[in-house]
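Hi,

Here is the structure I promised to pass on. Have a look at it first, and then read my notes below.

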Amino acid sequence: LLQLPNRPTAIFCSNDDMAAAATAVAHGLNLDIPNDITITGFDDTPVAATIWPKLTTIRQPVTAMGREAIRLILNQIRRRRKGLPWEDQHEVMRYTLVKRESSAAPAKP
């Protein structure tokens with residue numbers, strides 16, 4: 001993607017490790033982050049704050065997600081003990097955008 005004549009203005013990676021790798025490739029191609037390309041990650045792992053430039057990422061509420069998963073499992077166990085059928089449940093947890101140095105508005109053509 002980064003070697004295309006009409007390369008993207010941004011890459012959103014599914015985790016911070018992949019974003020760190022994309023950042024390394026961009027540096028190897030002498031691309032300026034974020035002026036030439038924005039790179040963002042997901043998870044807000046320690047690597048996000050230690051690479052250069054520091055990575056814009058999404059922080060998930062990992063502890064709250066774990067608590068909610070346990071609550072949902074216990075609810076299913078209680079339902080089963082009462083002879084009730086499986087009940088699909090979905091929970092949406094709030095996330096936080098952590099803006100750091102790897103993102104910027106795309107350059108005007």
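About 7,900 Å² of the protein chain is exposed, and 57% of that area is supplied by carbon and sulfur atoms. Keep in mind that this is a predicted model. Of the 109 residues in the chain, 28% are buried.

Now the overall build. The chain has three helices and four strands, and if you walk along the sequence you meet them in the pattern β-α-β-α-β-α-β. The C-alpha trace spans about 60 × 25 × 20 Å along its principal axes. How does the radius of gyration fit with a compact globule of 109 residues? Such a globule would come out near 13 Å, but this chain has 20 Å. As for contacts between residues at least 6 apart in sequence, 64% of them join residues at least 24 apart.

Next, the inside. The largest nonpolar core has 14 residues, and among those with the most contacts inside it are Leu2, Cys13, Ala26 and Ile37. Helix α1 (residues 16–28) gives this core its largest share, namely four residues. That goes with a general habit: in soluble globular proteins, nonpolar side chains tend to be buried together.

Leu2 is a good residue to click on. If you ignore its neighbours within four places in sequence, Leu2 touches Arg7, Ile11, Ala22, Val25, Ala26, Leu29, Leu31 and Ile37. Take Leu29 from that list. You'll find Leu29 in the loop between α1 and β2 (38–40). Leu29 sits 27 residues from Leu2 in sequence, yet their C-alpha atoms are 8.0 Å apart in space. Again leaving out neighbours within four places, Leu29 is in contact with Leu2 and Gln3.

Is Leu29 buried or exposed? Neither, really: its relative accessible area is 31%, so it counts as partly exposed, because that label covers values between 20% and 50%.

Finally, the outside. Which residues form a nonpolar patch on the surface? They are Ile70, Ile73, Leu74 and Ile77, with about 350 Å² of accessible area together. Ile73 lies in helix α3, which covers residues 62–81. With a relative accessible area of 51%, Ile73 counts as exposed, because the cut-off for that label is over 50%.

If you open the model, try colouring the core and the patch separately.

Cheers

Notes. Residues are numbered from 1 along each chain as its sequence is written. This is a predicted model: local features need pLDDT of at least 70, side-chain atom pairs count only at pLDDT 80 or more; totals for chains, interfaces and linings use all residues. Side-chain values use heavy atoms; hydrogens and water are left out. Patches are made of residues with over 30% relative accessible area and no salt bridge: like charges are joined within 9 Å, nonpolar side chains (Val, Leu, Ile, Met, Phe, Trp, Tyr) within 5 Å. Accessible areas come from the Shrake-Rupley method with a 1.4 Å probe; for residues, only the protein chains shown count as cover. A salt bridge is a side-chain nitrogen of Lys or Arg within 4 Å of a carboxyl oxygen of Asp or Glu. Helices (H or I, at least four residues) and strands (E, at least two) are DSSP runs, numbered from the N terminus. Buried means under 20% relative accessible area, exposed over 50%, partly exposed in between (1.4 Å probe, protein chains only). A nonpolar core is a set of buried Ala, Val, Leu, Ile, Met, Phe, Trp, Tyr and Cys residues joined through side-chain atoms within 4.5 Å. Contact means heavy atoms within 4.5 Å. The radius of gyration is taken over C-alpha atoms; the globule rule is 2.2 Å times the number of residues to the power 0.38.
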